[in-house]
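This report describes a ligand site and the sheets of one protein model. Please keep the structure in view while reading.

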Amino acid sequence: ASIGSYENILVSQPASGVTLITLNRPKALNALNSALFRELNDATEAADADPSVSAIVLTGSEKAFAAGADIKEMKDVEYAHAYKTNFLGHWTKLTTIKKPIIAAVSGFALGGGCELAMMCDIILAAPTAQFGQPEINLGVIPGAGGTQRLTKAVGKSVAMEMNLTGRFIGADEAAQRGLVSRVVTEGSVVDEAVKVGSIIAKKSQIAIQAAKEGVNASFELSLQEGTRFERRLFHSLFATKDQKEGMAAFAEKRKPSFKNE
Ligand code: CO8
C-alpha cells in the first residue's frame, strides 16, 4: 500500500490486502478541512490502484470519527466563491473508488463526518458512536448526502428529525435503523473492520467489484433496470477464471484459490 507522507491522515497496512486510513486531526475532532480531504482522496485513489489492496478501512479517533466539515475554514466563504469553485465538490471523489471502503466509527460522526461514513460501503459502530446532521444549528443544511443518503438509510421520518432538529442517534439506534451494519464491543471497531476487510480480500476481487457496483446501482435505478443490470453483471462473471475456480472448488469440496482473473 502507498503509505505516503500525509499531514492529516495516517495510512497503514494492518493485514494482508487491507489499507487502514486513520483521520488524524484529533485536536479538531477530525474536522474535515480541504487539506485532509485532498489527502483522503489521494490515499484512497492510491489504494484503489494498488493490486495488493482489496479493501480500505477508514477510521477516526476514539472520541470522533469526524465532527464535520471544518467550520472555521468555512465560515467566511461567500456564495460566488462557493458556486464558482464547486466548494467541497471534491468530496464526491470517494464515491468513485471501486474497492470496498469500511467505516469504523467511534464517537462523533457529525455533519460531513456522518456523510463521509455514509459514502463508505459498510459502517461498523463502536458503542460510543453518535451520528447526526447538526448543520441546521449553523444556519445551513448538509451538503454531501445528509438529506439524501441518510433518508435512504433510515427513512423519511428519522432523517427529517435529524436534519430539522439536529438530534443525534447513538450506535444502537443507528443499527436498529439500518444506518450501520452492526455495533461491536468497546475498543474493537477497527479490528472488526479490518477483519471484514480481510474476509473481502480472500474473495474474487472481480466479483467483489461487481457486487459493490450492483448494490450501489440500486440507489440509482428502478427495480426493473436494477435487476437487469444485476443479471448482466452476473452473466459477465461467467467470463472469469474465478467463477470456474469457485464453482469447481465447491464441487471438489476444497477451498477456492482466486486469482482475480
Ligand atoms: N469544525 C472545526 N472545528 C471543530 C469542529 C468542526 N466541525 N468540531 C469540533 N471542532 C474543534 C473545536 O472548535 C475545538 O477546537 P478548539 O479546542 O480549538 O476550541 C475542538 O475541535 C474540540 O471540540 P469541542 O471543544 O467543541 O469538544 P466537545 O467535546 O465540547 O464537543 C462536539 C464536541 C459536540 C462534536 C462539538 O465539537 C461540535 O458541536 N462540533 C461541531 C459539529 C458540527 O456542527 N458539525 C457539522 C459541521 S457543518 C458540516 O459538516 C457541513 C458538511 C458539508 C459538506 C459539503 C460537501 C459538498
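A polar contact is a pair of N or O atoms within 3.5 Å; within protein, one atom must be able to donate a hydrogen and the other to accept it, and residues adjacent in sequence count only if both atoms are side-chain atoms. The model is predicted, so local features need pLDDT of at least 70 and side-chain atom pairs count only at pLDDT 80 or more, while totals for chains, interfaces and linings use all residues. Residues are numbered from 1 along each chain as its sequence is written, and side-chain values use heavy atoms, with hydrogens and water left out.

**The ligand**

Three polar contacts of the ligand are listed here.

| Ligand atom | Protein partner | Distance |
|---|---|---|
| oxygen | Lys-63, side-chain N or O atom | 2.7 Å |
| nitrogen | Ile-71, polar backbone atom | 2.9 Å |
| oxygen | Gly-112, polar backbone atom | 2.7 Å |

On its own the ligand has 1100 Å² of accessible area, and the protein covers 66% of that. Such areas come from the Shrake-Rupley method with a 1.4 Å probe; for residues, only the protein chains shown count as cover. Two or more residues of the shell around the ligand come from each of α2 (71–74), β6 (108–110) and α4 (112–119). Helices (H or I, at least four residues) and strands (E, at least two) are DSSP runs, numbered from the N terminus. The most is given by α2, with 3 residues.

There are 24 residues around the ligand, and Lys-63, Ala-67, Ala-69, Lys-72 and Gly-112 come nearest; a residue is near if one of its heavy atoms lies within 4 Å. By class, the shell has 14 nonpolar, 4 polar and 6 charged residues. Ala, Val, Leu, Ile, Met, Phe, Trp, Tyr, Cys and Pro count as nonpolar, Asp, Glu, Lys and Arg as charged, and the others, Gly among them, as polar.

**The sheets**

Two strands pair if DSSP finds at least two bridges between them. An open sheet of 4 strands, with mixed pairing, has the order β4-β6-β8-β9. Its edges are β4 (64–66) and β9 (169–170); each has a single partner strand, so one side of each is left without a neighbour in the sheet. The strands β4 and β6 run parallel and are joined by 2 bridges, and Ala-64 stands opposite Phe-108 in β6.

Another open sheet has 6 strands in the order β1-β2-β3-β5-β7-β10, again with mixed pairing. Here β1 (9–15) and β10 (182–183) stand at the edges. Strand β7 (residues 122–125) runs parallel to β10 and is joined to it by 2 bridges; Ala-125 has Val-183 as its bridge partner in β10.
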